[in-house]
Amino acid sequence: MEETLLELMGFQKHYGDFHLNCSLKVQKGCITGLIGQNGAGKTTIFKSILGLIAGDGGKIRILGKDPAKLTAKDREKTGVVLADSGFSGYLTVSDLVPVMKSLYRDFDADDFRQKCSDFHIPENKKIKEFSTGMKAKLKLLIAMSHQAKLLILDEPTAGLDVMAREGLLDLMREYMEDGERSILISSHISSDLENLCDDLYMIHEGQILLHEDTDVLLGEYGVLKLTEPEFKRLDKQYILRCKKEDYGYSCLTDQKRFYMENYPAAAMEKGSIDQVITMMIRGDRL
């Protein structure tokens, strides 16, 4: 049986008209992606996991424990990157080393310094003088520097150019090589998640609309493009969402092969994360 490092079970949080109700799991050895529009509830989930905000119902378990029962040693097994957090801009990387040593028993100063050098992060320059990309790289290197079993990364590649993002994604892949660690990551950049994550949760207006293995989503999902007569004749048992278009209908399915075999004349587009998000949010249930 797979070990679950993080689980939300019917977790709820309410802000005025916004209602979060979420269940998800992050299994050992897996990178799990959380995708959704701004305001969908991603950051609320991350802050709830970390105990920065209190929930209104349901449960959270981290490393098999209730968050309130985590010891200091347990918390050392978690690495975190949040968009609105970080060390003082007046510190340098050299200043951070003794701070990290005092916080984490498994902090590897030599490895941290080497990776900073590899990513061209200067040791003696104040963080406030760093570029957006350098700050993002430093946050991730700090989260990884103390051998955490679980990384919780909220938009870690936001604001980075293509090359900088790819460097961070490679670092995450390397971090996962021993098979004992896990990552929960959110990102607006679907291509990052397509090439990185083992499974994906899609959230919209506080609700999980879809959970799927990334390989299944990219391999089995598709969007049918149909005229009005074709739509009327269609066997709709495997249609998840449909959307009226000028030419007829777009239909999202998770059984692409069924429709390719039974409706060979119909136009079928491969399902990408962006297409699935658009169809799940804007499409209608039948």
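How many bridges join strand S10 to S12, and in which direction do the two strands run? In this predicted model, strand S10 (residues 222–226) is joined to S12 by 5 bridges, and the two run antiparallel. One of the residue pairings places Val 223 opposite Leu 252, its bridge partner in S12.

These strands belong to an open sheet of 4 strands, ordered S11-S12-S10-S13, with antiparallel pairing. The edges are occupied by strand S11 (239–244) and strand S13 (267–270); each has a single partner strand, so one side of each is left without a neighbour in the sheet. From one strand to the next, the twist averages 25°.

Aromatic contacts were examined next. A search of the whole structure identifies 5 aromatic pairs. In one of them, the ring centres of Phe 231 and Tyr 249 are 3.8 Å apart and the planes lie at 15°; because planes under 30 degrees apart count as stacked, the pair is assigned to that class. Phe 231 is located in helix H9 (residues 228–233) and Tyr 249 in strand S12 (residues 249–253), so the contact ties together parts that are 18 residues apart in sequence. Both Phe 231 and Tyr 249 are buried.

Each ring of this pair is also associated with a lysine. Lys 236 lies over the face of Phe 231, at 4.6 Å from the ring centre, while the charged end of Lys 244 sits over the ring of Tyr 249, 5.2 Å from its centre. Elsewhere in the search, ring pairs link Tyr 238, Phe 258, Tyr 259 and Tyr 263 into a cluster.

How values were computed. Residues are numbered from 1 along each chain as its sequence is written. This is a predicted model: local features need pLDDT of at least 70, side-chain atom pairs count only at pLDDT 80 or more; totals for chains, interfaces and linings use all residues. Side-chain values use heavy atoms; hydrogens and water are left out. Rings of Phe, Tyr and Trp (its six-membered ring) pair if their centres lie within 6.5 Å; planes under 30 degrees apart count as stacked, over 60 as edge-to-face and the rest as tilted. Buried means under 20% relative accessible area, exposed over 50%, partly exposed in between (1.4 Å probe, protein chains only). A charge sits over a ring if NZ of Lys or CZ of Arg is within 6 Å of the ring centre and within 35 degrees of the ring normal. Two strands pair if DSSP finds at least two bridges between them. Axes are lines fitted to C-alpha atoms, for helices over the stretch in contact, and angles run from 0 to 180 degrees between N-to-C directions.
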